[in-house]
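I opened this notebook to keep track of what I looked up in the structure, one topic at a time. Each entry starts from what I wanted to know and ends with what I found.

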Amino acid sequence: MTVPKPSDNYLHYVKKSDIVRSTVEGTEATALCGECFVACGLTGAQGSAELGEVCPICLGEYLTLSPGRSAQSKVVA
Ligand SMILES: [Zn+2]
């Protein structure tokens with residue numbers, strides 16, 4: 001296992017559909033890095049970076065999947 005474990009303080013990118021389901025049903029959302037958590041806070045895709053450090057794994061996946069687009073939102077895990 002060489003993948004670093006995401007910090008609890010990181011902002012993770014999560015698909016919007018997962019965020020909606022998580023908040024509505026109280027189920028776990030899965031971040032792009034594979035981290036699962038129940039969403040407890042949202043920011044826009046252009047969100048507030050000052051809230052915390054963005055998960056580097058999620059950021060890499062986000063830039064790969066949707067360059068210049070806002071298909072995902074950041075969630076404070
Ligand atoms: Zn992440």
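The entries below go from the whole chain to single residues.

**Entry 1: confidence**

I began by noting that this is a predicted model, and I therefore looked up the confidence values before anything else, since pLDDT is the predictor's confidence in each residue. For the chain I found a mean pLDDT of 71, with 56% of the residues reaching 70 or more. I then asked which element has the highest mean pLDDT and which the lowest. Helix α2, residues 56–65, has the highest at 87, whereas strand β4, residues 72–76, has the lowest at 55. I also marked residues 43–49, where the pLDDT is below 50, and I noted that this stretch has ten contacts in the model beyond near neighbours in sequence.

**Entry 2: the order of the elements**

I counted two helices and four strands in the chain, and reading from the N terminus on I wrote their order down as β-α-β-β-α-β. I next looked at the contacts with a separation of 6 or more, and found that residues 24 or more positions apart account for 67% of them.

**Entry 3: the core**

How many of the 77 residues are buried, as a percentage? I found that buried residues make up 29% of the chain. From general reading I kept in mind that nonpolar side chains tend to be buried together in soluble globular proteins. The largest nonpolar core here has twelve residues, among them Tyr10, Leu11, Val14, Ala29, Leu32, Cys33, Ile57 and Tyr62. The elements that give two or more residues to this core are β1, residues 11–15, and α2.

**Entry 4: the two sides of α2**

I wanted to know which residues of α2 are buried, and the list I obtained was Ile57, Cys58 and Tyr62. Looking down the axis of α2, I saw that its buried residues fall within an arc of 130°, so they line one face of the helix. Leu63 and Thr64 are exposed, and they sit on the other side of α2. A general rule helped me to read this, because an α-helix has 3.6 residues a turn, so residues three or four places apart point the same way.

I also looked up Gly60, which lies in helix α2. Gly60 counts as partly exposed because it has 13 C-beta neighbours inside 10 Å. Its C-alpha atom is separated by 9.1 Å from that of Leu32, although the two residues are 28 residues apart along the chain.

**Entry 5: Asp18**

Is Asp18, which I found in helix α1, buried or exposed? Asp18 has 20 C-beta neighbours inside 10 Å, and therefore it counts as buried, given that 20 or more are needed. Leaving aside neighbours within four places in sequence, I noted that Asp18 is in contact with Ala29 and Thr30. The C-alpha atoms of Asp18 and Ala29 are separated by 5.3 Å, and the two residues are eleven residues apart along the chain.

**Entry 6: the loop after α1**

My last entry concerns the loop between α1 (16–25) and β2 (29–30), where I found Gly26 and also Thr27. Gly26 counts as exposed because it has 9 C-beta neighbours inside 10 Å, whereas Thr27, with 13 other C-beta atoms within 10 Å, is partly exposed. I then checked both residues against Phe37, C-alpha to C-alpha. Gly26 and Phe37 are 9.9 Å apart in space and eleven residues apart in sequence, while Thr27 and Phe37 are 8.2 Å apart in space and ten residues apart in sequence. Leaving aside neighbours within four places in sequence, Thr27 is in contact with Arg21 and Ser22.

Definitions and conventions: Residues numbered from 1 in each chain as written. Predicted model: local features only at pLDDT ≥ 70, side-chain atom pairs only at ≥ 80, totals over all residues. pLDDT = per-residue confidence, 0-100. Contact = placed C-beta atoms within 7 Å. Arc of directions from axis to C-beta. Core = buried A, V, L, I, M, F, W, Y, C linked by C-beta atoms within 7 Å.
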